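User: I would like to learn how to read a protein model feature by feature, beginning with the overall layout and ending with the backbone. Could you take me through one?

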Amino acid sequence: MLFLRESEYKWEQLNQDVRNDELTAALKDCGLSENLVPFLIHRGINTANELSVFLNPSLEDLHDPLLLHDMDKSIKRVQDAVMNDQKILIYGDYDADGITSTTVMKDTLELIGANVSYYLPNRFKDGYGPNLAVYQDMIENQGVQLIITVDNGVSGHEAIAYAKAQGVDVIVTDHHELPDTLPDAFAIVHPKHPESNYPFKELAGVGVAFKFATALLGETPLELIDLVAIGSIADMVPLVGENRSLVKLGIDMMRQSDRVGLHALAELAGTPLQEINEETIGFQFAPRLNALGRLGDASPGVELLSTFDEEKAAALAEFIQTTNVKRQEIVSEITEEALKMLATEQEQPMNILVKDGWHEGVLGIVANKIVKTTHKPTLVLTRNSDTGIIKGSGRSIEAVDLFKLLNQVKDLLLGFGGHYMAAGLSFEADKLDLIKDKLNQILRASDIDLSQKDVLVIDESLHPQEISITEIKRFDSLRPFGMDNPIPTVRVVGNQINQLKQIGSDKSHLKFELDNSGSKLDCIGFSMGNQLTELLDGDQYEIVGQLSINEWNGRQKPQLMVKDFKVDGMQILDIRGKKYHASLIQNDSCINIYFDEKFKDSYTDLPNLLWFNDLSADSSYQRQLTDRSIVILDCPPSMEVAEELFSYCDLNRIYIKADVDFDHYMQGIPNRTDFGKLFKVIKQFPTFDIRYKLPDLARYLKIDKNQLIFMIKVFFELGFVTIDDGVMSMVENPTQHPLTDSKEYQAYLKRIEAEKLFVYSDVSDIKKWLLLQEEAR
């Protein structure tokens, strides 16, 4: 089987033949399909008890917050602060997890009558985590006597040491990776603390804040659990164990919440709060909250989630919406600039893109888009011309641990942090070239296979006829989906693509219908608009994605949200008779072949331009055609030439343009009467100046000028006439030959045959002919 369009991911199909009688019986008791058994087993659910907790988590499933390290002493310290009316500062973070963490802590402390304020650091002015200058101002000028960090703190050594020296206690609540040395704080509440016995290690920052609130209040504050769901989903923590319980309970609470800020956000998202799920939160709420900190001050997020004033909530939500739209525009602009830069950069194992003035707050998003386009680890950086500092973000692929990679050049950096797939860094501008060279040298010297694809796990293979609304709804019991509990991914096979089109204001998305012998499934491919040509033709289509329900005017239809696809068989892409197709064939994967030298000037702006005569004479050119797409720019002069060309090629993807300067097939070959009329004129005018009188002769004979030239060439080749300095003269008593002896005549017939196939036949006929060539090899 030929694969015309290879998958972007390495597909791994999970075994669907696993069985578990206990789970089967438990599912039946719950009124659920036994077909869910393989999905549950692959998610670590093997017993009826585990299934019960998974499907119906309750408050009893939450762990005792006092098991967290330093929780008991922290609670006592806060109680003392409240009793003595000490000023408490909540020091948060600028992302959605930090915003919700701050809100949870603020609402809790206000509930017990604390004298509390909060501060969210500015990404650009303060940076991430405890900032010394802010701590100094809060302690010296604002009179703060106790600081509680949320969603940050374990790396804040300098600021925390300063606070301690001033007699101000700092309680750190955090969930980020622990450094080798912890700060000298009054308390560190962290699920991964080496001295902690807490059973679950993967809480989000807001999860830790919620546990703190539970311990402080002596009961679970259900009215705050909706915020835990938002922060946990936004921070993409694993939705298993306690996180799953918190998020599922939080979503249930959110659907009946009176929090006016959430209603305002839901209205912007176009989804009633009572209908929201983890996808609404992840794709609608979280990006809007994150946009605040990416572009400026994140405090309006806390105000929105705290207010009881509907008018204020509406105004704040509108401000957040405007900020998010601006963020999207900035991301789009920088991504476009970065992709253009890539086109001019020398090929390297790692993309390292730098430009003055790029907005620092969105560079991680841009880096992620570049990684998806190039499948290479990527740093997207901005240079501050005033300070001479370069800062930015990186994203990686599964084959490259970005944190370890940057750690190997840490001596050249002012600072860096992150994890396997993402990182932030800063360094002095004069070290840019050295850092570029070292990172690329490390990758080149490593055993890492950069061509290795990321893995895409496929839960199930289906045919379109097997997919229904009921089939899709069976997965609802597995919600909420997220990290370590992904939405099931299915592979669907079809033999035809219908109604293929680009959609969206910028045509950046794809919509099509997958057809398998009459059974059809609607498909949407977000950010796949540039791959439209990949689906134009094929023998079989394998589409991988997540099933969803599209509802329009009260009517529900299954649809597949496309993640990846593969096209099998031979692919013929028809670009005949259309305007210039630079977007289709102007790329390095295509070899553009022309036959007639007259066309060369028309194609000079195309890359990889190759004249067939050069190709035929040089085996090194022929080797270039292996695993490449072929573009037939003009029509081959004969079927023999076409056969020779395709003998050098892998017959996988072929673009047919087939330009002609004269339409031999439609004009047809002049008949014997036409030749007789010309010969009669030659006898009447034995010498004839064809340089100047050819158009007059064509009109007199009522023959196309190009055909007349062809006829004269045939007579000249057969010795019926001579041509000297543009003057045609009749030969007396020439040797008689049939017209078909002329090579010109034979070539004309061959052009008619070639044009019939390549210019006028359906793509299906061209494919049939090419398949015959494949079989004949």
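The dialogue below goes through domains, charged pairs, cysteines, a surface patch and the backbone.

User: What domains does the domain assignment give for this protein?

Analyst: Please keep in mind throughout that this is a predicted model. The assignment gives domain 1 (62-323), domain 2 (345-445), domain 3 (459-569), domain 4 (573-661 + 755-776) and domain 5 (665-741). As for their placement, the C-alpha centres of domain 1 and domain 4 lie 61 Å apart.

User: Which residues does UniProt list for "domain: DDH", and how much helix and strand does the chain have there?

Analyst: The unreviewed UniProt entry lists residues 87-231 for "domain: DDH", and over residues 87-231 the chain is 37% helix and 16% strand, with end C-alpha atoms 26 Å apart. For "domain: DHHA1", the unreviewed entry lists residues 354-444, a span that is 34% helix and 31% strand and whose end C-alpha atoms are 21 Å apart. The annotation "domain: RecJ OB", again from an unreviewed UniProt entry, covers residues 458-564; this span is 5% helix and 51% strand, and its end C-alpha atoms lie 11 Å apart.

User: How many salt bridges does the structure hold, and what is the general idea behind them?

Analyst: Side chains of opposite charge can pair when their charged atoms come close. The structure holds 34 salt bridges. One of them joins aspartate 226 and arginine 259, whose closest N and O atoms are 3.0 Å apart. Because aspartate 226 belongs to helix α9 (residues 225-234) while arginine 259 sits in the loop between α10 (241-254) and α11 (260-269), the pair ties together parts that are 33 residues apart in sequence.

User: Are aspartate 226 and arginine 259 buried or exposed?

Analyst: Both aspartate 226 and arginine 259 are buried. A second pair to examine is glutamate 460 with arginine 474, where the closest N and O atoms are 2.7 Å apart. This pair links distant parts of the chain, with glutamate 460 in strand β14 (residues 460-462) and arginine 474 in the loop between α18 (469-473) and β15 (490-494), 14 residues apart. Glutamate 460 counts as buried at 12% relative accessibility, and arginine 474 counts as buried at 10%. Salt bridges can also share partners, and in this way Lys106, Asp107, Glu110, Asp226 and Arg259 are joined into one network.

User: Which residue forms a salt bridge with aspartate 356?

Analyst: Aspartate 356 forms a salt bridge with arginine 383, and the closest N and O atoms are 2.7 Å apart. Here the link runs between strands, with aspartate 356 in β8 (residues 351-356) and arginine 383 in β9 (residues 378-384), 27 residues apart. Aspartate 356 is partly exposed at 43% relative accessibility, and arginine 383 is partly exposed with a relative accessible area of 30%.

User: How should I read the cysteines, and why does cysteine 635 have no bond to cysteine 649?

Analyst: A disulfide is a covalent bond between the sulfur atoms of two cysteines. For counting purposes, the two sulfur atoms must be within 2.5 Å, and by this rule the count comes to zero disulfides. The sulfur of cysteine 635 has its closest cysteine sulfur in cysteine 649, 15 Å away, which is too far for a bond. For cysteine 649, the closest cysteine sulfur is in cysteine 590, at 12 Å, again too far for a bond. Cysteine 635 is buried, with a relative accessible area of 5%, and cysteine 649 is buried, with 2%.

User: Which residues form a nonpolar patch on the surface?

Analyst: Tyr665, Met666 and Tyr760 form such a patch, with about 300 Å² of accessible area together. Tyrosine 760 lies in the loop between α27 (743-758) and α28 (763-776), and tyrosine 760 is partly exposed, with a relative accessible area of 36%.

User: Finally, what should I look for in the backbone, and which residues does a cis peptide bond join?

Analyst: Most residues other than glycine have a negative phi, and most peptide bonds are trans. In this model, a cis peptide bond joins arginine 479 and proline 480, with omega about 5°, and proline 480 is placed in the loop between α18 and β15. Histidine 375 has a positive phi, near 55°, and is found in the loop between α15 (363-374) and β9. Serine 527 also has a positive phi, of about 60°, although it is not a glycine; serine 527 lies in the loop between β18 (519-525) and β19 (540-552) and is exposed, with a relative accessible area of 54%.

Terms used
Residues numbered from 1 in each chain as written. Predicted model: local features only at pLDDT ≥ 70, side-chain atom pairs only at ≥ 80, totals over all residues. Heavy atoms only, no water. Domains from an automatic or database assignment. UniProt positions renumbered as here; feature names shortened; annotations may be inferred. Helix = DSSP H or I, 4+ residues; strand = E, 2+ residues; numbered from the N terminus. Patch = residues over 30% accessible without salt bridge, like charges linked within 9 Å, V, L, I, M, F, W, Y side chains within 5 Å. Areas by Shrake-Rupley, 256 points an atom, 1.4 Å probe, with all protein chains shown as cover. Salt bridge = Lys/Arg side-chain N within 4 Å of Asp/Glu carboxyl O. Buried < 20%, exposed > 50% of the residue type's maximum accessible area, 1.4 Å probe, protein only.
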